[in-house]
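Q: I have a structure open and would like to learn how to read it. Could you take me through some of its features, one at a time?

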Amino acid sequence: MKVMNKVILVLTVVFASGILVFATTNPDVEKVLKRESASFFPEKLNFSGEATPLKIADVKERFDRELQVNVNLHASTILAIKRASRAFLVIEPILKKNGIPDDFKYLAVIESGLVNVVSPAGARGIWQFMPETAKERGMEVNENVDERYDLEKSTQAACSYFLSAKGKFGSWTLAAASYNGGMTGVNKQIEIQKVSNYYDLLLTEETSRYVFRILALKEIMENPEKYNFRIAPEELYATLPTRKIEIDSSIADLADFAKSQGINYKILKIHNPWLRETKLINDTGKKYQIDIPLKGY
């Protein structure tokens, strides 16, 4: 038995040594080992064409924090990638039409995960508008109709904000930061600190992390396999084809209306989340567009 154990030990050592010798003498294996152990930290970053100064120590560390957090939030990040295939089809052309850089779609990702959520403060929808801000940007918000839940209209409203903020600050990065910190709040800190670059400003914890969270999601979602998010095309959430019905009057019962269109109340509400009650009150003759899915139910 002792002899057998010695033989096994010798064979193990020889085998391991052979692997090490092969690895250190074979350049292809060296490349593989190096690639496997390499950090995936990007060499360069930019938001909307504005460079992120990674040479500044705290900037590099703040981005690294958000990258590590989101790489390891597997479920949330996977769901964001899956939802993006549907939501970005609506968001991207509206950004382009308004002259807003495509990177702003990732702002929607960090605001809501691309679902219609409600914040403790009362912000709603994918773009997380507060009621008064939504009304200022042209959206209808009441108990019956809440257009913060309409992705097309809320994206257009977000574009209106971004253009105003870019005009004020002259920077897309600061425009994005102000979506969290407010134009007044960010401008106040610019005046106090006498610097006008987001990466030089000391802001609140949330606003300091905000742009870095956008950058992290942009990096991951543009390079998912690099960060071990391997999602097959058929796993992505698809956009269902719909037909639009224009309504300029009240609808007394949305359940009956849904049935008349060959669907049910649940499906109607899923595709028209801006309808907030069981009926549509329309005393002014306003024209609303209601989406009716053609399949997927």
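A: Gladly! Let us begin with a term: a residue is buried when its relative accessible area is under 20%, exposed when it is over 50%, and partly exposed in between. Please keep in mind that this is a predicted model.

Q: Is Glu152 buried, exposed or partly exposed?
A: With a relative accessible area of 45%, Glu152 falls between the two cut-offs, so it is partly exposed. You will find Glu152 in helix 7. Leaving aside residues up to four places away in sequence, Glu152 touches Val90, Ile94 and Lys244.

Q: What does the whole chain look like in these terms?
A: The chain has 297 residues, and 41% of them count as buried. Its secondary structure comes to 12 helices and 6 strands. Among the contacts with a separation of 6 or more, 60% join residues 24 or more positions apart.

Q: How do I describe two helices that pack together?
A: Two numbers do the job: packed helices are described by the angle between their axes and the distance between the axes. Try helix 4 and helix 7: their axes come within 9 Å and cross at roughly 35°. The crossing of helix 4 past helix 7 is right-handed.

Q: Which residues make the contact between helix 4 and helix 7?
A: Helix 4 brings Ala87, Val90, Ile91, Ile94, Leu95 and Lys97, while helix 7 brings Leu151, Glu152, Thr155, Gln156 and Cys159. By type, the residues of this contact divide into 7 nonpolar, 2 polar and 2 charged.

Q: How far apart are Lys97 and Gln156 in space?
A: Their C-alpha atoms are separated by 9.5 Å, although their positions lie 59 residues apart along the chain. Lys97 belongs to helix 4, which covers residues 74-97. Because its relative accessible area is 63%, Lys97 counts as exposed. A second pair to look at is Glu152 and Ala87: they are 65 residues apart along the chain, with 9.9 Å between their C-alpha atoms.

Q: How can a helix have a buried side and an exposed side?
A: The general idea is that an α-helix has 3.6 residues a turn, so residues three or four places apart point the same way. Now look at helix 9, residues 183-193, whose buried residues are Met183, Val186 and Ile190. These cover an arc of only 75° around the axis, and so they sit on the same side of helix 9. The face turned away from that buried side carries the exposed residues Thr184, Lys188, Glu191 and Ile192.

Q: What covers the buried residues of helix 9?
A: The cover includes helix 7 (151-169) and helix 8 (172-181).

Q: Which residues touch the most other members of the largest nonpolar core?
A: That core has 61 residues, and the ones touching the most other members are Ile91, Phe104, Leu107, Leu114, Trp127, Phe162 and Tyr179. Elements giving two or more residues to this core are helix 3 (57-72), helix 4, helix 5 (105-112), helix 7, helix 8, helix 9 and helix 10 (205-222). Helix 10 gives the most, with 9 residues. Apart from this core lies another one, of 17 residues, including Ala258, Ile267, Leu275 and Ile290.

Q: What does Phe104 touch?
A: Beyond residues up to four places away in sequence, Phe104 touches Phe47, Ser48, Leu95, Trp127, Phe162, Trp172, Ala175 and Ala176. For another set of neighbours, go to Pro101, in the loop between helix 4 and helix 5. With the same kind of neighbours left out, Pro101 touches Ser48, Leu95 and Trp172. Since its relative accessibility is 18%, Pro101 counts as buried.

Q: What should I look for in the backbone angle phi?
A: Most residues other than glycine have a negative phi. A positive value is therefore worth a look. Lys194, which follows helix 9, has a positive phi near 60°. The loop between helix 9 and helix 10 holds Lys194, and at 72% relative accessibility Lys194 counts as exposed.

Q: Where is Asn228?
A: Asn228 lies in the loop between helix 10 and strand 5 (242-247). Its phi is positive, about 65°, although Asn228 is not a glycine. At 53% relative accessibility, Asn228 counts as exposed.

Notes
Residues numbered from 1 in each chain as written. Predicted model: local features only at pLDDT ≥ 70, side-chain atom pairs only at ≥ 80, totals over all residues. Heavy atoms only, no water. Helix = DSSP H or I, 4+ residues; strand = E, 2+ residues; numbered from the N terminus. Buried < 20%, exposed > 50% of the residue type's maximum accessible area, 1.4 Å probe, protein only. Arc of directions from axis to C-beta. Contact = heavy atoms within 4.5 Å. Core = buried A, V, L, I, M, F, W, Y, C linked by side-chain atoms within 4.5 Å. Axes fitted to C-alpha atoms, helices over the stretch in contact; angles between N-to-C directions. Left-handed = near helix turned anticlockwise from the far one by under 90°. Nonpolar A, V, L, I, M, F, W, Y, C, P; charged D, E, K, R; others polar.
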